[in-house]
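Open the model in your viewer and keep the sequence panel beside it. This tour goes stop by stop, telling you what to select and what is there.

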Amino acid sequence: MADTPDKSVERKAGGGEVARPATVRPYESLIPKRSPVADALAPAAGFGVTIKNFFSRTVTEQYPFETAPVKPRFHGRHQLNRYPDGLEKCIGCELCAWACPADAIYVEASDNTPEQQMSPGERFGSVYQINYLRCIFCGLCIEACPTRALTMTNDFELAGPTREGLIYEKQDLLAPLAEGMLAAPHPMVEGTTDTEYYRGEVTGPTPAQVDWVAEQRPDDPTLEAARRRVGSAPATASAEAPAPVGREPR
Ligand code: SF4
Ligand code: SF4
């Protein structure tokens with residue numbers, strides 16, 4: 001008599017046997033069962049959300065015609081800031097680039113010279129790039145910056161048609177000159193070092209800086225406003241007079 005095959009085991013192709021479960025459990029749905037009435041009302045319940053929103057106030061943003069305000073601490077496009085006399089705050093230290101987890105920042109520093117003083121102290125950022133294809137807007141770079149040169153604005157409109165266009169150069173990131181600021185390069189305020197600048201004691205350009213720019217670049221468009229600002233300041237500080245433009249007394 002031939003051997004009856006054992007159905008509780010399965011033979012593998014290369015030899016050997018694999019045990020099978022003794023019984024196979026029938027399929028059981030894990031979805032809880034509903035009553036026929038609940039089943040019949042289910043579509044109406046689904047449309048209930050639609051109908052409720054149909055009659056509620058419209059919240060569609062009319063962007064880009066109306067820009068919705070963002071939260072004050074929103075992380076948007078970066079900005080390279082200036083001191084009140086127009087000198088740049090960036091000293092080209094590269095700490096922002098080292099802090100960036102996405103390797104999105106590239107900085108090259110150069111020496112300040114008497115003819116080309118761009119920032120207080122010895123060095124300034126001559127090349128500054130942020131690659132917005134890489135940036136994740138984490139803000140670690142602005143935390144690392146020792147001079148608060150780098151901050152983030154609320155500007156989120158950073159889309160563009162080309163990859164090159166999303167690599168922002170220094171001129172794209174520099175804060176515009178406010179009324180009365182003198183465009184760099186120009187000497188630092190007389191009698192100051194970078195320490196006074198860091199402490200916020202410089203509050204605007206001085207007559208000597210205006211004269212220097214007038215001599216070097218008589219057509220500089222910022223001269224006129226700087227002249228007005230300097231000319232309106234009192235020559236000496238007194239208890240009644242407003243704070244002089246140039247440097248705050250300690
Ligand atoms: S926000 Fe973050 S990812 Fe973007 S440049 Fe700064 S450190 Fe890099
Ligand atoms: S932005 Fe700040 S951290 Fe970056 S190079 Fe300039 S000074 Fe240094």
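Start with a cut-off: a residue is exposed if 12 or fewer other C-beta atoms lie within 10 Å of its own, and buried if there are 20 or more. Keep in mind that this is a predicted model.

**Stop 1: Arg-228**

Select Arg-228. Is Arg-228 buried or exposed? Its C-beta atom has 11 others within 10 Å, so Arg-228 is exposed. Arg-228 belongs to helix α7, residues 223-232. Now add Gly-180. The two are 48 residues apart in sequence, yet their C-alpha atoms are 7.4 Å apart in space.

**Stop 2: the whole chain**

Colour the protein chain by secondary structure. You should find 7 helices and 7 strands. From the N terminus, the order is β-β-α-β-α-β-β-α-β-β-α-α-α-α. The chain has 250 residues, and 20% of them are buried. Consider the contacts between residues at least 6 apart in sequence: 68% of these join residues at least 24 apart.

**Stop 3: the sheet**

Select β4, β5 and β7. These 3 strands form an open sheet, in the order β4-β5-β7, with antiparallel pairing. β4 and β7 are the edge strands, each pairing on one side only.

Zoom in on β4 (residues 105-111) and β5 (residues 123-131). How many bridges pair these two strands? There are 7, in the antiparallel sense. Pick Tyr-106 and look across to its bridge partner in β5, Gln-129. Then pick Ser-110, whose partner in β5 is Phe-124.

Move to β7, residues 167-168. Here 2 bridges join this strand to β5, again antiparallel. Asn-131 stands opposite Ile-167 of β7.

**Stop 4: the nonpolar cores**

In soluble globular proteins, nonpolar side chains tend to be buried together. Look for that here. The largest nonpolar core has 23 residues, and Cys-90 and Ile-105 touch the most other members. β4 and β5 are the elements that give two or more residues to this core. The largest share, 3 residues, comes from β5.

Select Cys-90 and show its surroundings. Beyond its neighbours within four places in sequence, Cys-90 is in contact with Leu-80, Ser-119, Phe-124, Gly-125, Tyr-128 and Ala-149.

A second core lies separate from this one. It has 6 residues, among them Met-181, Leu-182, Val-210 and Ala-226.

**Stop 5: helix α6**

Select residues 207-216, which make up helix α6. Which residues of α6 are buried? They are Gln-209, Val-210 and Val-213. Turn the view to look down the axis of α6: the buried residues fall within an arc of 100°, so they line one face of the helix. An α-helix has 3.6 residues a turn, so residues three or four places apart point the same way.

**Stop 6: the two ligands**

Select ligand 1. Around it are 13 residues, the closest being Cys-100, Ala-102, Cys-135, Cys-138 and Cys-141. By class, this shell has 12 nonpolar residues, 1 polar and no charged.

Go on to ligand 2. What surrounds ligand 2? Its shell has 14 residues, with Cys-90, Cys-93, Cys-96, Cys-145 and Leu-150 the closest. Of the residues in this shell, 10 are nonpolar, 3 polar and 1 charged. You met Cys-90 at the fourth stop, as a member of the largest nonpolar core.

**Stop 7: unusual backbone**

Most residues other than glycine have a negative phi, and most peptide bonds are trans. Four places depart from this; take them in turn.

- Asp-103 has a positive phi, near 55°. Find Asp-103 in the loop between α2 (95-99) and β4. With 11 other C-beta atoms within 10 Å, Asp-103 is exposed.
- Phe-137 also has a positive phi, near 55°. Its loop runs between β5 and α3 (140-144). Phe-137 is partly exposed, with 16 other C-beta atoms within 10 Å.
- Tyr-63 and Pro-64 are joined by a cis peptide bond, with omega near 10°. Look for Pro-64 in the loop between α1 (36-54) and β3 (78-80).
- Ala-184 and Pro-185 are also joined by a cis peptide bond, with omega about 5°. Pro-185 sits in the loop between α4 (170-173) and α5 (194-198).

Notes: Residues are numbered from 1 along each chain as its sequence is written. Chains are lettered from A and ligands numbered from 1 in the order in which they are written. This is a predicted model: local features need pLDDT of at least 70, side-chain atom pairs count only at pLDDT 80 or more; totals for chains, interfaces and linings use all residues. A residue is near a molecule or strand if its C-beta atom, placed from the backbone, lies within 6 Å of it. Ala, Val, Leu, Ile, Met, Phe, Trp, Tyr, Cys and Pro count as nonpolar, Asp, Glu, Lys and Arg as charged, and the others, Gly among them, as polar. Two strands pair if DSSP finds at least two bridges between them. Helices (H or I, at least four residues) and strands (E, at least two) are DSSP runs, numbered from the N terminus. The arc is that of the directions from the helix axis to the C-beta atoms. Two residues are in contact if their C-beta atoms, placed from the backbone, lie within 7 Å. A nonpolar core is a set of buried Ala, Val, Leu, Ile, Met, Phe, Trp, Tyr and Cys residues joined through C-beta atoms within 7 Å.
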